[in-house]
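Visitor: I would like a close look at a single part of this model, taken slowly and with the geometry spelled out.

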Amino acid sequence: MTLFFHELRRDRLKLIIWSSAIASMLMISILIYPQMTSQIGEIGDMFSEMGSFSAAFNMDRVNFGEFRGYFAVECGNVLGLGGAFFAALLGIMALSKEEREHTAEFLLTHPVSRRYVVSQKLCAVLSEILLLNLAVVIAAFASSLAIGEKADGTLFMTVFLGYFLMQIEIACLMFGVSAFLRGNGLGIALGSAFVLYFMNILANLTEDAAALRYITPFSYADGTSIVSSGAIEIEYLIPGIIFTAAGIAAAFLRYCRKDIRA
């Protein structure tokens with residue numbers, strides 16, 4: 001477990017900054033809800049009638065004038081995209097940073113196998129994503145209580161679970177890619193997260209692109225879809241589980257055979 005805790009210490013500042021930023025933005029979005037209630041019904045009607053724009057973000061599936069509809073949209077904007085970027089960055093840096101920072105020689109001269117290194121780094125990545133989501137959940141429920149809104153605990157936790165699973169999938173995909181890299185994969189990580197987000201928008205806009213829902217994790221982690229249906233769509237979650245497993249398998253297979261330079 002030494003490597004696991006080392007990775008957590010190494011990323012602690014990054015985790016604190018991202019957790020604080022995402023939790024704070026979501027808290028602010030919730031805390032201003034009472035000030036918007038006088039106009040939010042009109043805003044909701046306007047969004048629901050904006051045709052393609054509403055369909056792109058599934059705003060036509062929820063009542064933006066209700067707190068749970070408002071929360072689903074805001075949570076998707078903040079935790080959905082922010083969490084995806086954080087997960088992608090964690091995953092892409094996990095295995096490649098040893099070569100990039102020239103610490104591979106020090107790490108691999110210890111009496112540990114490469115399989116152990118990969119498993120410990122993967123556990124650290126997943127733990128950091130869990131910690132971020134715990135911070136966001138606490139902030140969201142605290143701010144909901146502060147404005148006197150009684151949240152549907154089961155429904156809201158389902159929304160958070162969807163985003164958590166989405167972040168796990170993206171992190172594991174980038175973790176697999178990380179095993180093939182020697183340099184900085186920052187652009188790959190951020191670009192991949194944005195492309196997956198755009199795929200979901202495109203799939204919502206036209207039925208011709210509906211097949212993209214089986215590729216992007218944003219399809220099953222869409223807060224508006226979960227609020228309107230009351231559950232995560234298993235049809236799109238199953239391919240996500242397969243992609244997650246593929247990313248982990250690729251990381252183990254490649255890193256254990258890779259010619260790592262010091």
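With which residue does Arg 10 form a salt bridge, and how far apart are the closest N and O atoms?

Guide: Please keep in mind throughout that this is a predicted model. Arg 10 forms its salt bridge with Glu 7, and the closest N and O atoms of the two are 3.3 Å apart. Both residues belong to helix α1, which covers residues 2-10, and because they are 3 residues apart there, about one helical turn separates them. Their surroundings can be described through accessibility: Arg 10 has a relative accessible area of 27% and is therefore partly exposed, whereas Glu 7, at 2% relative accessibility, counts as buried.

Glu 7 also takes part in a second pairing, since its side chain meets that of Lys 121 in a salt bridge with an N to O distance of 3.0 Å. Here the partners come from separate helices, Glu 7 from α1 and Lys 121 from α8 (residues 114-146), so this pair ties together parts that lie 114 residues apart in sequence. Lys 121 is itself buried, with a relative accessible area of 1%, a value that falls under the 20% cut-off used for that term. Taken together, Glu 7, Arg 10 and Lys 121 are linked in a network of salt bridges, and Glu 7 is the residue that pairs with Arg 10 and with Lys 121.

If we move a little along the sequence, we come to Asp 11 and Lys 14, whose side chains meet in a salt bridge at 3.6 Å, again given from N to O. This distance can be read against the criterion applied to such pairs, which asks for a side-chain nitrogen of Lys or Arg within 4 Å of a carboxyl oxygen of Asp or Glu. In this pair the acidic partner, Asp 11, counts as buried at 7% relative accessibility, while Lys 14, at 21%, counts as partly exposed. By the rule just stated, the count comes to 3 salt bridges.

For a polar contact of another kind, one may turn to Thr 158, which lies in helix α9 (residues 153-178) and is buried, with a relative accessible area of 17%. The side chain of Thr 158 reaches the backbone oxygen of Thr 154 at 2.8 Å, and, leaving aside residues up to four places away in sequence, Thr 158 touches Ile 226, Ala 231 and Ile 232.

Methods: Residues are numbered from 1 along each chain as its sequence is written. This is a predicted model: local features need pLDDT of at least 70, side-chain atom pairs count only at pLDDT 80 or more; totals for chains, interfaces and linings use all residues. Side-chain values use heavy atoms; hydrogens and water are left out. Helices (H or I, at least four residues) and strands (E, at least two) are DSSP runs, numbered from the N terminus. Buried means under 20% relative accessible area, exposed over 50%, partly exposed in between (1.4 Å probe, protein chains only). A polar contact is a pair of N or O atoms within 3.5 Å; within protein, one must be able to donate a hydrogen and the other to accept it, and residues adjacent in sequence count only if both atoms are side-chain atoms. Contact means heavy atoms within 4.5 Å.
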